[in-house]
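This briefing is written to be read with the sequence and the 3D view side by side. It takes up the surface, the cysteines, the internal space and the charged pairs in turn.

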Amino acid sequence: MGEKKKPAYIQYLFGGLSGIGATCVVQPLDLVKTRMQISGIGGAVKEYNNTFDAIAKIIKREGTFALYKGLSAAIMRQATYTTTRLGVYTSLNDAYKQKMNRAPNLLYSMAMGMTAGAVGSFVGNPCELILIRMTADGRLPVAERRNYTNFFNAFFRIAREEGVLALWRGCIPTMGRAMVVNAAQLASYSQAKAYLVQSGYLKEGIGLHFTASMFSGLITTAASLPVDIAKTRIQNMKISAGEQPPYKNTIDVIVKVIRHEGVFALWKGFTAYYARLGPHTVLTFIILEQLNGLYNTHVMGGKGPTSGL
């Protein structure tokens, strides 16, 4: 009798749920990262000195719960982007194994990760745009705030006031960021994990996954933050009728940031971004393993792999 196979949709579902669980923990850091990225636009006075200064000022001005503004959009982003990304990656990985009768090497894994990231980010772009706007709203003057009450309010207002296609504003830099993130994460995580195991410092387990994930997060943050800043600023633009948008594309954002704010401004919010990316990766995989373990125990009778990735 063949081994009972876990349905593909279960992997998609667990991937989305694990991403949502991790997001509920790290959402304040995502908000801080966004606020720091859009501060100092056009050479304005720098609003925050560092991540801790940003957290203190946000709480003082807007209250503690302001750190969770945009949570509904963040959850919807995970439900679309993470579910699609993991689903596409799993499907491509399985198809490769069936055709080639072996596991993909590092380069093929990176290519599949980049493809999955691009597709997932396209599907999740409306949620990404709404998340950026909701987390950035509190720093605007009261008269200029959009005041979205939740994800669905924002979704329908943007479609009605700016047109449906406005929900995909910044789609190209979002896809570019996702491709960079996925390629960097796969390569650095695999190499870090292999080195730690071969060196004998750590054995297979949560400690190994945590250490490799944090190292991967550091590399991924450095590689993707400039693209992430471009994406954030494009999606947060307010364009009035008859006016030219402040940014044309990703390159235009990067050039203007360097010209007005300096080269290192491309890495604004580095600490917050890294503090979010590392734990988010760790928490996502820990939750994913727990969900798979529960499913294997109670549905599959203890059979099958612990993870579909």
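Val119, Phe122, Val123, Val164 and Trp168 together make a nonpolar surface patch of about 410 Å². The model is a predicted one, and every value below is computed from it. Within it there are zero disulfides, two cavities of 30 Å³ or more and 17 salt bridges.

**Surface patch**

- One member of the nonpolar patch, Trp168, is found in the loop that runs between helix H5 (151-162) and helix H6 (171-199).
- Trp168 is partly exposed, its relative accessible area being 30%.

**Cysteines**

- The count of disulfides comes to zero, and Cys24 is accordingly in no disulfide, the nearest cysteine sulfur being that of Cys127, 14 Å away.
- For Cys127 the closest cysteine sulfur is in Cys171, at 12 Å, which is too far for a bond, because a disulfide requires two cysteine sulfur atoms within 2.5 Å.
- Cys24 and Cys127 can also be described by their surroundings: Cys24 is partly exposed, with a relative accessible area of 31%, whereas Cys127 is buried, with a relative accessible area of 4%.

**Internal cavities**

- A search of the whole structure gives two cavities of 30 Å³ or more, and the largest cavity holds about 110 Å³ of space.
- The largest cavity is lined by 15 residues, of which Asp30, Arg77, Glu128, Leu131 and Arg276 are the closest to its centre.
- Two or more lining residues of the largest cavity come from each of helix H1 (8-38), helix H3 (71-100), helix H4 (106-136), helix H7 (206-235) and helix H9 (270-298).
- Helix H1 gives the largest share of that lining, with five residues.

**Charged network at the cavity**

- Asp30, Lys33, Arg77, Glu128, Arg177, Asp228 and Lys231 are linked to one another in a network of salt bridges.
- Asp30, Arg77 and Glu128 belong to this network, and they are also among the lining residues closest to the centre of the largest cavity.

**Individual salt bridges**

- Among the 17 salt bridges of the structure is the pair of Glu62 and Lys69, in which the closest N and O atoms are 3.1 Å apart.
- Both partners of that pair are partly exposed, Glu62 with a relative accessible area of 25% and Lys69 at 30% relative accessibility.
- Glu161 forms a salt bridge with Arg157, with 3.2 Å between the closest N and O atoms, and these two residues both lie in helix H5, four residues apart, which is about one turn of the helix.
- Glu161 is partly exposed, with a relative accessible area of 49%.
- Glu261 forms a salt bridge with Arg233, where the closest N and O atoms are 2.8 Å apart.
- Glu261 lies in helix H8 (residues 250-261) and Arg233 in helix H7, so this salt bridge ties together parts that are 28 residues apart in sequence.
- The partners in this bridge fall into separate exposure classes, Glu261 being partly exposed with a relative accessible area of 21%, while Arg233 is buried with a relative accessible area of 2%, because buried here means under 20%.

Technical notes
Residues are numbered from 1 along each chain as its sequence is written. This is a predicted model: local features need pLDDT of at least 70, side-chain atom pairs count only at pLDDT 80 or more; totals for chains, interfaces and linings use all residues. Side-chain values use heavy atoms; hydrogens and water are left out. Patches are made of residues with over 30% relative accessible area and no salt bridge: like charges are joined within 9 Å, nonpolar side chains (Val, Leu, Ile, Met, Phe, Trp, Tyr) within 5 Å. Accessible areas come from the Shrake-Rupley method with a 1.4 Å probe; for residues, only the protein chains shown count as cover. A salt bridge is a side-chain nitrogen of Lys or Arg within 4 Å of a carboxyl oxygen of Asp or Glu. Buried means under 20% relative accessible area, exposed over 50%, partly exposed in between (1.4 Å probe, protein chains only). On a 1 Å grid over the protein atoms alone, a cavity is a set of points where a 1.4 Å probe fits but cannot get out, and a pocket is an open set with protein on both sides within 12 Å along at least five of seven lines; lining residues have an atom within 4 Å of a point. Grid points are joined across faces, edges and corners, and a volume is the space filled by probe spheres set on the points.
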